[in-house]
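Hi everyone, thanks for coming. Could you all bring up the sequence and the model on your screens? I'd like to walk you through a few parts of it.

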Amino acid sequence: GLIGNDIKSLHSVISPPIAKIRNIGIMAHIDAGKTTTTERILYYSGYTRSLGDVDDGDTVTDFMAQERERGITIQSAAVTFDWKGYRINLIDTPGHVDFTLEVERCLRVLDGAVAVFDASAGVEAQTLTVWRQADKHRIPRICFLNKMDKTGASFKYAVQSIREKLKAKPLLLQLPLGEGKAFKGVVDVVSKEKLLWNPTSDDGKDFVRIPLLEVSDPELFKETTEARNALIEQVADLDDEFADLVLGEFSENFDLLPAEKLQTAVHRVTLARAAVPVLCGSALKNKGVQPLLDAVTMYLPSPEERSYEFLPWYKGDLCALAFKVLHDKQRGPLVFMRIYSGMIKPQLAIYNINGDCTERISRLLLPFADQHIEIPSLTAGNIALTVGLKHTATGDTIASSKSSALAAARRAETEGGKKRRQNNEAKRLLLAGVEIPEPVFFCTIEPPSLAKQPDLDYALKCLQREDPSLKVKLDPDSGQTVLCGMGELHIEIIHDRIKREYGLETYLGPLQVAYRETILNAVCATDTLDRTLGDKRHLVTVELEVKPTETASVTPVIEYAGSVSEDLPKASQEATENGIYSACLQGPLLGSPVQDVAVTVHSLTIHPGTSTTMISACVSRCVQKALKKADKQILEPLMTLEVAVNRDYLSPVLADLAQRRGTIQEIQTRQENKIIIGFVPLAEIMGYSTVLRTLTSGSATFALELSNYQAMNPQDQTILLSRRSGLTQVL
């Protein structure tokens, strides 16, 4: 049981002062040791009772099998714990490229982040992507160089790579004592102390701080003093207030400068994103994690120190973001929310701006330590777990009522008017879920038997709420369910989750690539539709022109000739546009969406009493006619590819990429490895991971991202069409 001072007053658990809250995320490349770091953080703060035993590194699968026994999951979205009087909400971000959307969404919720690096590899492909996303959301960061005990770990090299590749200014707050096998602790540069972990202790809870003395270790003392002076100069360059202090009182002797003054200055510099504090350690060997937690509370911002442009619009009314939906067998959907302003109570009706609907929260939980505590209310800056919301999906924005949302939209409008930013008013209020990348892969999914189709539909509906980058559609021709995802791994994991969580053995069809189509020249077409239904005559004649657009646009650009637009009723105009959009969903070559087309309606005559569906049908048919007449072109998704490979295997990998119609941009060197950066069509990269492993005996890694859509050359286009000719008619 808990004794005396261990009992936290319930009030401080439920609503800690906002200045003491830290919403942080841990971001890293796949194998930098994020899982182990998270694990240690939870252990030292008293969140988990036993240390996770990830012996041979921290593979995610290893973690997945254990997470069932230990009850914390990689998808736990947010974990709340206390550290020395601070409330820390740790939000987990996945490291795989297929899940960049997840990372984006998590970053929206964070106030600060800890970037974990592998000290022997420095900055890797994925680190760069995540770093750029954090820059986009203006998130202050601190860096943790993990794996200092690994053979080949180099503090200097890792810091150098942060400086060069991320273009960031590292502030060295710690120096390692030994590297590789000799790593035994760190030196705190700010307070000039040695932190040594007890080598006999199992869990690294006890460590000692020994003040550095010139007598005991003159070399280390000299190195630390130099590092501290360099740090002071660096911070003084970036922060005027601190510079005045240093030049004024302590210009003679930097050693007299108190640690607190330096810490507040580093806090300000980190907040301004002018530099990043760097710490080091080894999570697996339980060294350096507690100072990392201290640094989180000391240098990363509290919610009130981050300014969000949308906050003033709500004037203290409720504004929250649903950033994760989990399905609980007993409680139904659990929605994690980050509250930006206002407060949430159980039984409160809330308004979902994205879904344009009102719902009621039945219970409010706090994911605190290893239990969910039911609480009466929660204020701004906190992370809440709500029960009872049936329609809210991941990435939805929540307000207290429709009127409050509209009032906020008006305030945003007046402000936007000053800045001359013309934007859809509701759009401005949406905090996230704005940029969902287009899925590039699709495949059919079938239930084991027709009787199980409703179960599959339900499972897919739940998964779509959790993950907006997964799209599900029905193929109109074959009636099959089609999954559209961000990559092979994404679709595999969805398949796996349907099996594990919903107990359905589904069958996946072959993976296919999402092509697009476009046209190369302008074509005119006319069409007349004349039908008599009952006693009504429906007559529409339309003449239009389709032509390629100069700029890229996914939806067709619609224009009207002067004579048409003057006397066109709104209903007919809507019908016309619907017809054009539906015609462009299925192109003439592969039935893929048509993009980069402009449609000009030259004349449109409508017999009185003609129904709008007839207008749509006629326009749609006419557009399809025009598209068929034009010179057609298939566009294929082009991926940016980055391969890290050992020197010895460079030539077979390059030869393989050449066969895959890849173009190589550059080849960089990173320690022993070569980094190949280039572009390759998505269709050619199916199953690449296995081929790459075979070619390089499992030593290479690669990362893929969608770059853009580009035209296929005529030869490849003919091959693709003849391959598909069993399915599509070649015109």
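Let's start with a word we'll need all the way through: a residue is called buried when its relative accessible area is under 20%, and exposed when that value is over 50%. With that in hand, here is the overall picture. This is a predicted model, and of the 731 residues of the chain, 52% count as buried. The chain holds 21 helices and 35 strands. Also, if you take contacts between residues at least 6 apart in sequence, 73% of them join residues at least 24 apart.

Now let's turn to one helix. Please find helix 17, which covers residues 570–585. Its 16 residues reach 23 Å from the first C-alpha to the last, close to the 22 Å expected at 1.5 Å a residue. Which residues of helix 17 are buried? They are Ser572, Ala575, Thr576, Gly579, Ile580, Ala583 and Cys584. These buried residues cover an arc of only 165° around the axis, so they sit on the same side of helix 17. On the other side of the helix, Lys570 and Leu585 are exposed. And what covers the buried residues of helix 17? The cover includes strand 30 (557–560), strand 31 (597–606) and helix 18 (612–629).

Let me stay with Cys584 for a second. Its relative accessible area is 3%, and because the limit for buried is under 20%, Cys584 counts as buried. Cys143 is another buried cysteine, at 0% relative accessibility. How many disulfides does the model have? The count is 0. As a reminder, a disulfide is a covalent bond between the sulfur atoms of two cysteines.

Next, a piece of sheet. Strand 22 (residues 441–446) pairs with strand 24 (residues 481–485) in the antiparallel sense, over 5 bridges. If you'd like a spot to click on, Phe441 has Gly485 in strand 24 as its bridge partner. Strand 22 is also joined by 2 bridges to strand 26 (residues 512–513), again running antiparallel, and there Phe442 stands opposite Gln512. Strand 25 (residues 507–508) pairs with strand 22 as well, antiparallel and over 2 bridges. In that pairing, Glu446 has Tyr507 as its bridge partner.

Last stop: strand 27, residues 516–519, where we find Arg516. Is Arg516 buried or exposed? At 7% relative accessibility, Arg516 is buried. Its side chain makes a polar contact with the side chain of Gln595, at 2.5 Å. Beyond its neighbours within four places in sequence, Arg516 is in contact with several residues, among them Glu438, Val554, Gln595, Leu635 and Tyr709.

Thr518 is found in strand 27 too, and at 8% relative accessibility Thr518 counts as buried. What lies 3.0 Å from a polar atom of the Thr518 side chain? That would be the backbone oxygen of Gln595. Leaving out residues up to four places away in sequence, Thr518 touches residues including Val594, Gln595, Asp631 and Leu635. Here is a nice one to check on your screen: Thr518 and Leu635 are 117 residues apart along the chain, yet their C-alpha atoms are separated by 7.2 Å.

So keep Gln595 in view when you go back to the model: its side chain makes the polar contact with Arg516, and its backbone oxygen is the one beside the Thr518 side chain, at 3.0 Å. Thanks for listening!

Methods: Residues numbered from 1 in each chain as written. Predicted model: local features only at pLDDT ≥ 70, side-chain atom pairs only at ≥ 80, totals over all residues. Heavy atoms only, no water. Disulfide = S-S within 2.5 Å. Buried < 20%, exposed > 50% of the residue type's maximum accessible area, 1.4 Å probe, protein only. Helix = DSSP H or I, 4+ residues; strand = E, 2+ residues; numbered from the N terminus. Expected span 1.5 Å × (residues − 1). Arc of directions from axis to C-beta. Contact = heavy atoms within 4.5 Å. Polar contact = N/O pair within 3.5 Å; in protein donor to acceptor, adjacent residues only side chain to side chain. Pairing = 2+ DSSP bridges.
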